[in-house]
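Got the model open in your viewer? Let's walk through it together, one selection at a time.

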Amino acid sequence: MAARPRYLIEEPAGTGDTCPTRRGAMEPHLHRLIGQFHRVSNTDKTAADGSYVVRVFGDESSLWPAAMYEYKNSISSSQTEPHLQLALILCKKWGSNESADVIKCSACPTILLVIPGYQVDVQAMIVVGRPVVQKLINPLALDRALTEEYVQEVCWIFKCIRAGIEGLTSYYRRLRKVDQPSDEAFFPVYTELPISKGL
């Protein structure tokens with residue numbers, strides 16, 4: 001008799017196909033992989049399902065989410081498309097009075113994890129006059145049959161996500177407050193230029 005295929009994510013029999021059930025089963029594993037997330041609301045009470053909030057500046061006087069995630073049973077299980085919903089929540093955070101010091105000196109990079117059902121989409125968002133969202137990887141399927149190669153791929157992706165969050169945590173803590181925004185906060189600043197031998 002052939003062995004039953006095993007999957008990265010499996011739903012226990014009889015649990016019911018509900019968003020809270022799946023989210024409750026997945027979140028402990030997600031937090032162990034990439035860090036502890038919390039539900040943090042904007043002033044208008046909108047909130048992502050989870051936010052990894054870091055302290056900004058040397059005096060830790062401001063807060064910003066280095067990463068956020070939104071969970072849905074499937075793309076069509078809510079009136080709001082989860083990718084758009086998460087970006088809008090972050091835009092509301094960007095536009096709030098409590099973020100004023102942060103947006104003066106940073107494009108506010110944030111990692112966005114959208115989890116519709118058994119899929120994980122990893123994106124990054126910055127704000128440079130307008131929000132810009134970029135997909136970082138192809139959608140990650142968690143309901144694929146287990147193979148050693150695929151398990152290694154998934155582990156590597158989550159390791160990179162965690163490293164990205166840690167890098168952003170360090171970045172935000174090193175930010176310096178400014179009175180007025182400048183281009184240097186949003187674009188690389190050259191400190192040296194290569195000169196060819198012909199010059």
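## A walk through the fold

Start by selecting R162, which is partly exposed, with a relative accessible area of 32%. Keep in mind as you go that this is a predicted model.

Now add E166 to the selection. Its side chain meets that of R162 in a salt bridge, 3.6 Å from N to O. E166 and R162 are 4 residues apart in helix α4, so about one helical turn separates them.

**Zoom out**

Switch to a cartoon view for a moment. The protein has 4 helices and 6 strands. Starting at the N terminus, the elements run α-β-β-α-α-β-β-β-β-α. Of the 199 residues in the protein, 35% are buried.

**Into the core**

Next, select I34, L140, I161 and Y172. Within the largest nonpolar core, which has 41 residues, these four touch the most other members. Which elements give two or more residues to this core? They are α1, β1, β2, α2 (82–94), α3 (100–105), β3 (110–116), β4 (119–127) and α4. Color α4 if you like: the largest share of the core, 8 residues, comes from that helix.

While α4 is colored, click on V154, which lies in this helix (residues 148–174). Is V154 buried or exposed? V154 counts as buried, at 8% relative accessibility, because the cut-off for buried is under 20%. Then pick L142 and draw a distance between the two C-alpha atoms: V154 and L142 are 8.7 Å apart in space and 12 residues apart in sequence.

**A cluster of rings**

Time for some aromatics. A search of the whole structure turns up 3 aromatic pairs. Select F37 and Y69 to see a tilted pair, with 5.2 Å from centre to centre and 55° between the planes. F37 sits in the loop between α1 (19–34) and β1 (50–56), while Y69 sits in strand β2, so this pair ties together parts that are 32 residues apart in sequence.

Try a surface view over these two. F37 is buried, with a relative accessible area of 3%, and Y69 is buried as well, with a value of 1%. Now add Y52 to the selection: ring pairs link F37, Y52 and Y69 into a cluster.

**Bridges across the chain**

Back to charged side chains. How many salt bridges are there? The count comes to 6, and you have already visited the one between E166 and R162.

For another, select K92 and D44, whose side chains meet in a salt bridge at 3.2 Å, N to O. K92 lies in helix α2 and D44 in the loop between α1 and β1, so the pair ties together parts that are 48 residues apart in sequence. Leave the surface on here: K92 counts as partly exposed at 41% relative accessibility, and D44 counts as partly exposed at 38%.

Then move to D59 and K177, where the side chains meet in a salt bridge of 3.4 Å, N to O. This pair links distant parts of the chain: D59 is in the loop between β1 and β2, K177 is in the segment after α4, and their positions lie 118 residues apart in sequence. D59 counts as exposed at 52% relative accessibility, because the cut-off for exposed is over 50%. K177 is partly exposed, with a relative accessible area of 43%.

**Checking the cysteines**

Show the cysteines next. How many disulfides does a search of the whole structure find? The search finds 0. Click on C108, which is in no disulfide; the nearest cysteine sulfur, that of C105, is 7.7 Å away. A disulfide needs its two sulfur atoms within 2.5 Å, so that distance rules out a bond here. C108 is buried, with a relative accessible area of 1%. Select C91 too: C91 is partly exposed, with a relative accessible area of 26%.

**Last stop: a patch on the surface**

Finish on the outside by selecting V40, V53 and L63. Together they form a nonpolar patch on the surface, with about 210 Å² of accessible area. L63 lies in strand β2, which covers residues 62–72. L63 is partly exposed, with a relative accessible area of 39%.

Methods:
Residues numbered from 1 in each chain as written. Predicted model: local features only at pLDDT ≥ 70, side-chain atom pairs only at ≥ 80, totals over all residues. Heavy atoms only, no water. Patch = residues over 30% accessible without salt bridge, like charges linked within 9 Å, V, L, I, M, F, W, Y side chains within 5 Å. Areas by Shrake-Rupley, 256 points an atom, 1.4 Å probe, with all protein chains shown as cover. Salt bridge = Lys/Arg side-chain N within 4 Å of Asp/Glu carboxyl O. Buried < 20%, exposed > 50% of the residue type's maximum accessible area, 1.4 Å probe, protein only. Phe/Tyr/Trp six-rings, centres within 6.5 Å; stacked < 30°, edge-to-face > 60°. Core = buried A, V, L, I, M, F, W, Y, C linked by side-chain atoms within 4.5 Å.
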